Amino acid sequence: MNLSLRLKEYFNLLVFSKKIFCKPEKKDILIFDSELSEFLIHYFNKEKVHVLDNRYKQHRNQKLNIFILFKMAIKFKFNSYEYFKTYLNYVRPKLILTLIDNNKTFYKLKEMYPKAKTMLVQNAWRSADGDDIFKNMDELLADKLKCDLILSFNNHVGKIFKSFLHGEIVPIGSFRSNHNIKKNLKEKYEYLFISIFRDPNVMHECHFDLLRTIN
């Protein structure tokens with residue numbers, strides 16, 4: 001990344017983030033990434049949950065804790081790894097979970113704070129195409145990433161996650177789809193086709209993986 005682009009990212013971070021000056025409170029549950037966090041919060045006592053933002057480069061109004069930055073400055077360490085590690089040591093959660101399953105930073109949290117259990121909830125269909133999480137498996141295996149519990153769509157994709165995370169697999173289908181209440185409506189159509197919104201160039205491979213999973 002060139003210097004001008006990096007300076008622009010830091011500028012956006014400092015100017016457009018929502019500044020929090022008090023130290024993080026201790027909570028039993030920490031949700032990593034506010035994206036889709038509402039689906040997870042629904043199942044917990046909100047008083048026991050803390051949501052940690054991490055999309056400072058992509059979105060505005062992400063919460064940035066100035067108290068944590070001050071603690072980092074004392075140690076002369078300025079990087080995202082140290083920010084999250086320091087943050088976790090103040091929240092001291094028993095469980096860390098996320099619905100953003102393609103963020104490698106989440107898989108490093110176990111190393112940062114080994115006292116907590118980490119839980120991944122698969123959010124979308126994953127493949128080795130484009131910038132998806134399974135694209136560079138050699139790199140994932142070399143990074144020694146960890147996650148205690150993997151709630152996957154099925155056993156097939158769960159085993160792929162397990163190959164580089166070494167956690168326990170629990171196939172649950174789509175968490176977000178299961179979140180919706182099934183209604184007893186009068187049948188209108190005999191068949192219903194649902195698009196998976198994939199690039200036509202990779203559609204064939206996705207369908208092959210799906211058929212292999214079913215078989």
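This section describes the aromatic contacts, salt bridges, surface patches and backbone features of a predicted model.

Aromatic contacts are considered first. Across the whole structure, eleven aromatic pairs are found. In one of them, the ring centres of Phe32 and Phe106 are separated by 6.2 Å and the ring planes meet at 40 degrees, so the arrangement is classed as tilted. Phe32 belongs to strand 2 (residues 29-32), whereas Phe106 is located in the loop between strand 5 (95-98) and helix 5 (109-112); the pair therefore ties together parts of the chain that are 74 residues apart in sequence. Both partners are shielded from solvent: Phe32 is buried, with a relative accessible area of 1%, and Phe106 is buried at 0%. A second pair, formed by Phe134 and Phe164, is edge-to-face, with 6.3 Å from centre to centre and 70 degrees between the planes. This pair also links distant parts of the chain, since Phe134 is placed in the loop between strand 6 (117-121) and helix 6 (137-142) and Phe164 in helix 7 (residues 155-165), 30 residues apart. Phe134 is buried, with a relative accessible area of 5%, and Phe164 is likewise buried, with a value of 1%. The four residues of these two pairs belong to a cluster in which ring pairs link Phe32, Tyr83, Phe84, Tyr87, Phe106, Tyr107, Phe134, Phe161 and Phe164.

Salt bridges form a further set of side-chain contacts, and the count comes to eight. Arg55 forms a salt bridge with Asp33, in which the closest N and O atoms are 2.9 Å apart. Arg55 is situated in the loop between strand 3 and strand 4, and Asp33 in the loop between strand 2 and helix 2, so this contact ties together parts that are 22 residues apart in sequence. Both Arg55 and Asp33 are buried; for Asp33 the relative accessible area is 1%. The backbone of Asp33 is also notable for its phi angle, which is near 90 degrees, a positive value in a residue other than glycine. Leu36 lies in the loop between strand 2 and helix 2 as well, and has a positive phi of about 65 degrees although it is not a glycine. Leu36 is buried, with a relative accessible area of 14%.

Lys104 and Asp143 are joined by a salt bridge of 2.7 Å, N to O. Lys104 lies in the loop between strand 5 and helix 5, and Asp143 in the loop between helix 6 and strand 7 (149-152); the bridge therefore ties together parts that are 39 residues apart in sequence. In contrast to the buried pair of Arg55 and Asp33, Lys104 is partly exposed, at 22% relative accessible area, and Asp143 is partly exposed at 32%. Asp101, Arg126 and Asp132 are joined into one network by salt bridges that share partners. In the contact between Glu25 and Lys27, the side chains meet at 3.7 Å, N to O. Here Glu25 is exposed, with a relative accessible area of 54%, whereas Lys27 is buried, with 15%.

Two patches are described on the surface. A patch of positive charge is made by Lys23, Lys26, Lys48, Arg92, Lys94 and Lys115. Within this group, Lys48 is placed in the loop between helix 2 (37-41) and strand 3 (49-52). Its relative accessibility of 43% lies between the limits of 20% and 50%, so Lys48 counts as partly exposed. A nonpolar patch consists of Phe11, Leu14 and Val15, which together have about 290 Å² of accessible area. Phe11 is found in helix 1 (residues 3-16) and is partly exposed, with a relative accessible area of 49%.

A further contact in space involves strand 4 (residues 63-65), where Lys63 is located. Lys63 and Asp53 are ten residues apart in sequence, and their C-alpha atoms are 6.0 Å apart. Lys63 is partly exposed, with a relative accessible area of 42%.

Methods:
Residues are numbered from 1 along each chain as its sequence is written. This is a predicted model: local features need pLDDT of at least 70, side-chain atom pairs count only at pLDDT 80 or more; totals for chains, interfaces and linings use all residues. Side-chain values use heavy atoms; hydrogens and water are left out. Patches are made of residues with over 30% relative accessible area and no salt bridge: like charges are joined within 9 Å, nonpolar side chains (Val, Leu, Ile, Met, Phe, Trp, Tyr) within 5 Å. Accessible areas come from the Shrake-Rupley method with a 1.4 Å probe; for residues, only the protein chains shown count as cover. A salt bridge is a side-chain nitrogen of Lys or Arg within 4 Å of a carboxyl oxygen of Asp or Glu. Lys and Arg count as positive and Asp and Glu as negative; His and the chain ends are not counted. The place of a charge is taken as NZ of Lys, CZ of Arg, CG of Asp or CD of Glu. Helices (H or I, at least four residues) and strands (E, at least two) are DSSP runs, numbered from the N terminus. Buried means under 20% relative accessible area, exposed over 50%, partly exposed in between (1.4 Å probe, protein chains only). Rings of Phe, Tyr and Trp (its six-membered ring) pair if their centres lie within 6.5 Å; planes under 30 degrees apart count as stacked, over 60 as edge-to-face and the rest as tilted.
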